[in-house]
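This report examines a single protein chain, moving between its overall composition and selected side-chain interactions. The sequence and the structure are shown first.

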Amino acid sequence: SVSVRSLSTVLISASMACVPTSSLNCLEALLNVISADVKEGDNPSDSDLGVQFTEIFVKKQDNVSTLLGLLEEYDFPVRWPTVKLLTTLLTNKSSRVQECVLESPGSVPRLMDLLSDSREIIRNDGLLLLTRLSSRNTQIQRMVAFSGGMERLLEIIVEEGNSDGGIVVEDCILLLLNLIRSNSSNQSYFREASLVPRLAPFFEFGDDIANWSAQKVRNIVLMLRLVRAFVSPIQSQAQSSTTSQHAFAQCGVFSTLSQLMCAPDLDRSVTIEMMATVAELLRSDPANQAMFAEITIAQRPALLFIILALVEDKRPVELRLASLYCFQCILQHNEAAQRQIVATLMPSETQAPQAGSVTAGK
């Protein structure tokens, strides 16, 4: 504990005196001490030495404020270790570090600058830092969003190749999910800033939808979860959900997903997530339900593909459950579709079904 306090004092003094070499030495030493006994990917416990040293370090507001101030230093040997150290502190004691960030004026804009750093390693580690920082903290989520964070994340996704991008695209979407889930203020900002249409190109896959890489599948599944975060009854308010349903229909995302989910060569996990997404875009929305009723694939209504996926016992149970949920959302508060389904289940006295024809009741 004495070593941590001593290093903290030296770091603050070096920072105030603008001595990069001294700052670098302190940063590296602190990172080694605070990372003690904490392995990457593990959940740190209070018994870990690194967590105990972190608690000592973050107890003093000035220590964290000094690190945030060092982010203004552009030199790589100072800026990158500062990012790594802040990320480790968040891993060990997230709530306290979040409090320190909120109490430090101008801290969020400094952190947002990391996403515009031309050095990819700093930008990418900045993504991980902001993801940890914004986790379960609505106030920080709002500050990141209103500092242009969501616009910058969408720019990076495009720069990296949309769904064809690598792990950086995945990290961007994970941070967007942090900012959007159960945060009505950020959801409203995303719509009002006309950011919803910027998601449409992500789902333009062309004719080749087979043999996708595992990374591409993860990217698509996460982006579908981002769409669901706007319209899910659990993650959004009713009025906000309805507005979002209309926004995704107007920009073409709803129509695109409704047709794609019926493609036979689509990855199974993508199909399941896509059905759940379409379901929540349809739920209790008359306009989207009417639009879906007009969609045909291979001259057959899209509804038929949902029903077939539901009733065929050879389909995976996860796919059948997703189909059931989609079917339920098609019928929810939709009297016209309800009557249509009932009519196909009833035997017709005036016209026998043609050979080979398929109805909802067959």
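R315 counts as partly exposed, because its relative accessibility is 31%. Its salt-bridge partner is E312, and the nitrogen-to-oxygen distance between the two side chains is 2.9 Å. E312 is likewise partly exposed, since its relative accessibility is 34%. Elsewhere, salt bridges with shared partners join R225, R228, E273 and E280 into one network.

The coordinates come from a predicted model. The protein has 362 residues, of which 49% count as buried. Its secondary structure comprises 20 helices and 2 strands. Among contacts with a separation of 6 or more, 68% are between residues 24 or more positions apart. The accessible surface amounts to about 17700 Å², and carbon and sulfur atoms account for 51% of that area.

**Salt bridges**

Side chains of opposite charge can pair when their charged atoms come close. Across the whole structure, 14 salt bridges are found. Three of the pairs are listed below, with the closest nitrogen-to-oxygen distance and the relative accessibility of each partner.

| Pair | N to O distance | Relative accessibility |
|---|---|---|
| R110 and E72 | 2.9 Å | R110 18%, E72 58% |
| E273 and R228 | 2.9 Å | E273 9%, R228 22% |
| E312 and R315 | 2.9 Å | E312 34%, R315 31% |

What does the salt bridge between R110 and E72 connect? The side chains of R110 and E72 meet at 2.9 Å, nitrogen to oxygen. R110 belongs to helix α7 (residues 107-112), while E72 sits in the loop between α4 (61-70) and α5 (76-92), so the pair ties together parts that are 38 residues apart in sequence. R110 is classed as buried because its relative accessibility is 18%, under the 20% limit for that class. E72, at 58% relative accessibility, counts as exposed.

The salt bridge of E273 with R228 has its closest N and O atoms 2.9 Å apart. E273 lies in helix α16 and R228 in helix α13 (residues 214-231), so this pair ties together parts that are 45 residues apart in sequence. E273 is buried, with a relative accessible area of 9%, whereas R228 is partly exposed at 22%. Both residues are members of the network that also includes R225 and E280.

**A buried acid without a salt bridge**

D285 occupies the loop between α16 (268-282) and α17 (286-293). How far away is the nearest side chain of opposite charge to this buried residue? That side chain is R283, at 8.9 Å, and D285 has no salt bridge. Since a salt bridge requires the nitrogen and the carboxyl oxygen to be within 4 Å, R283 at 8.9 Å does not qualify as a partner. The side chain of D285 does make a polar contact with the side chain of H246, at 3.0 Å. Apart from neighbours within four places in sequence, D285 is in contact with T242, Q245 and H246.

**A fully covered asparagine**

N186 is located in helix α12 (residues 184-192). Is N186 buried or exposed? N186 is buried, because its relative accessible area is 0%. Its side chain reaches the backbone oxygen of Q141 at 3.2 Å. Residues up to four places away in sequence being set aside, N186 touches Q141, R142, A145, F146, M150, L179 and I180. Q141 therefore appears both as the polar partner and in the list of residues touched by N186, a contact being heavy atoms within 4.5 Å.

**Loop and surface features**

S213 is placed in the loop between α12 and α13. This serine is partly exposed, with a relative accessible area of 41%. The side chain of S213 reaches the backbone nitrogen of K216 at 3.1 Å. The C-alpha atoms of S213 and D164 are separated by 8.7 Å, and the two residues are 49 residues apart along the chain.

On the surface, V317, L321 and L324 make a nonpolar patch of about 280 Å². L321 is found in helix α19 (residues 317-331). L321 counts as exposed because its relative accessibility is 54%, over the 50% limit for that class.

Methods. Residues are numbered from 1 along each chain as its sequence is written. This is a predicted model: local features need pLDDT of at least 70, side-chain atom pairs count only at pLDDT 80 or more; totals for chains, interfaces and linings use all residues. Side-chain values use heavy atoms; hydrogens and water are left out. Helices (H or I, at least four residues) and strands (E, at least two) are DSSP runs, numbered from the N terminus. Buried means under 20% relative accessible area, exposed over 50%, partly exposed in between (1.4 Å probe, protein chains only). A polar contact is a pair of N or O atoms within 3.5 Å; within protein, one must be able to donate a hydrogen and the other to accept it, and residues adjacent in sequence count only if both atoms are side-chain atoms. Accessible areas come from the Shrake-Rupley method with a 1.4 Å probe; for residues, only the protein chains shown count as cover. Patches are made of residues with over 30% relative accessible area and no salt bridge: like charges are joined within 9 Å, nonpolar side chains (Val, Leu, Ile, Met, Phe, Trp, Tyr) within 5 Å. Lys and Arg count as positive and Asp and Glu as negative; His and the chain ends are not counted.
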